[in-house]
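I opened this model to look up the annotated positions and the ligand surroundings. My notes follow in the order I checked things.

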Amino acid sequence: MLDEAAIELNYHNHESAFDWQQVFGDAAPVEIEIGFGKCGFLISMAADQPDKRFVGIETSRKYYRKGIRKIQRADLTNVKLLLGEALHLLGRYIPENSLAGLHINFPDPWPKKRHAKRRLLSPEFVEVAAQRLLPAANFALATDMEAYMIDALIALRGNAQLEEIFATNSRECEMPRRYSSEYEREFFSAGKTLYYATFRKKP
Ligand SMILES: C[S@@+](CC[C@H](N)C(=O)[O-])C[C@H]1O[C@@H](n2cnc3c(N)ncnc32)[C@H](O)[C@@H]1O
């Protein structure tokens, strides 16, 4: 069984951004999923793409602990988890121009107008995230909330570092996707329209 310490990416006592070569011991491409929840999407990607390295970021300690156990059971050596708030961790510990991909599936919707400021996909977040991507790397977002996607598209389209690849919904695109998250499967089975967007960092 994999040691927990091999999965936990500890940033306490870390003064600067990670060096992925040091973290993973090689120069393989690194992708991040933010808010991995029950970890199904992250584990599917990591199991399917052993040539890549994956990092999951999650604020919930409960999901973080569960994620560690699931990764141990799946015996995956190419995934590590970070416990904390995504914008803070990206800005402080993830090197600029270092990620081969970024995935955000069904971020907390904060549907009430007065709570909209709490949504993850702010223009500030998009700027910090885009800086972390390598040129030509993708930023992929999925949500079940049309209003969330509309605001996110304003932030994503307004970012000078990114270009749009597509924005679509589950009635237009081929479903299910190659990998799916727990929320996605639940919403899809319930017949909800789901919204997807992929942007790419300009060269
Ligand atoms: C609605 S759930 C979706 C979980 C999973 N992605 C899925 O699709 O099944 C949103 C997740 O994002 C996490 N989260 C919310 N805000 C976050 C933040 N700022 N940084 C990291 N994770 C966050 C929550 O703890 C929760 O697990």
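Before using the record, I noted that UniProt positions are given in the numbering used here, and that annotations may be inferred rather than shown by experiment. I also noted that the model is predicted.

Entry 1, the record. I looked up "binding site" in the unreviewed UniProt entry, which lists Glu-33, Glu-58, Glu-85 and Asp-108. These positions span 76 residues in sequence, yet no two of their C-alpha atoms are more than 14.1 Å apart, so they gather at one spot.

Entry 2, Glu-33. I found Glu-33 in strand β1, residues 30-34. Is Glu-33 buried or exposed? I put Glu-33 down as buried, because 27 C-beta neighbours lie inside 10 Å and the cut-off for buried is 20 or more. I then left aside the neighbours within four places in sequence and listed the contacts of Glu-33: Phe-41, Leu-42, Phe-54, Gly-56 and His-103.

Entry 3, Asp-108. I located Asp-108 in the loop between β4 (99-105) and α6 (123-132). Asp-108 counts as exposed, because it has 12 C-beta neighbours inside 10 Å and exposed means 12 or fewer.

Entry 4, the ligand. I went through the 21 residues around the ligand and noted that Gly-35, Gly-37, Ala-86, Ser-181 and Tyr-183 come nearest. By type, I sorted the shell into nine nonpolar, six polar and six charged residues. Which element gives the most to the shell? I found that α8 does, with three residues. Both β2 (53-58) and α8 (182-189) supply at least two residues of the shell.

Terms used. Residues are numbered from 1 along each chain as its sequence is written. This is a predicted model: local features need pLDDT of at least 70, side-chain atom pairs count only at pLDDT 80 or more; totals for chains, interfaces and linings use all residues. Helices (H or I, at least four residues) and strands (E, at least two) are DSSP runs, numbered from the N terminus. Two residues are in contact if their C-beta atoms, placed from the backbone, lie within 7 Å. A residue is near a molecule or strand if its C-beta atom, placed from the backbone, lies within 6 Å of it. Ala, Val, Leu, Ile, Met, Phe, Trp, Tyr, Cys and Pro count as nonpolar, Asp, Glu, Lys and Arg as charged, and the others, Gly among them, as polar.
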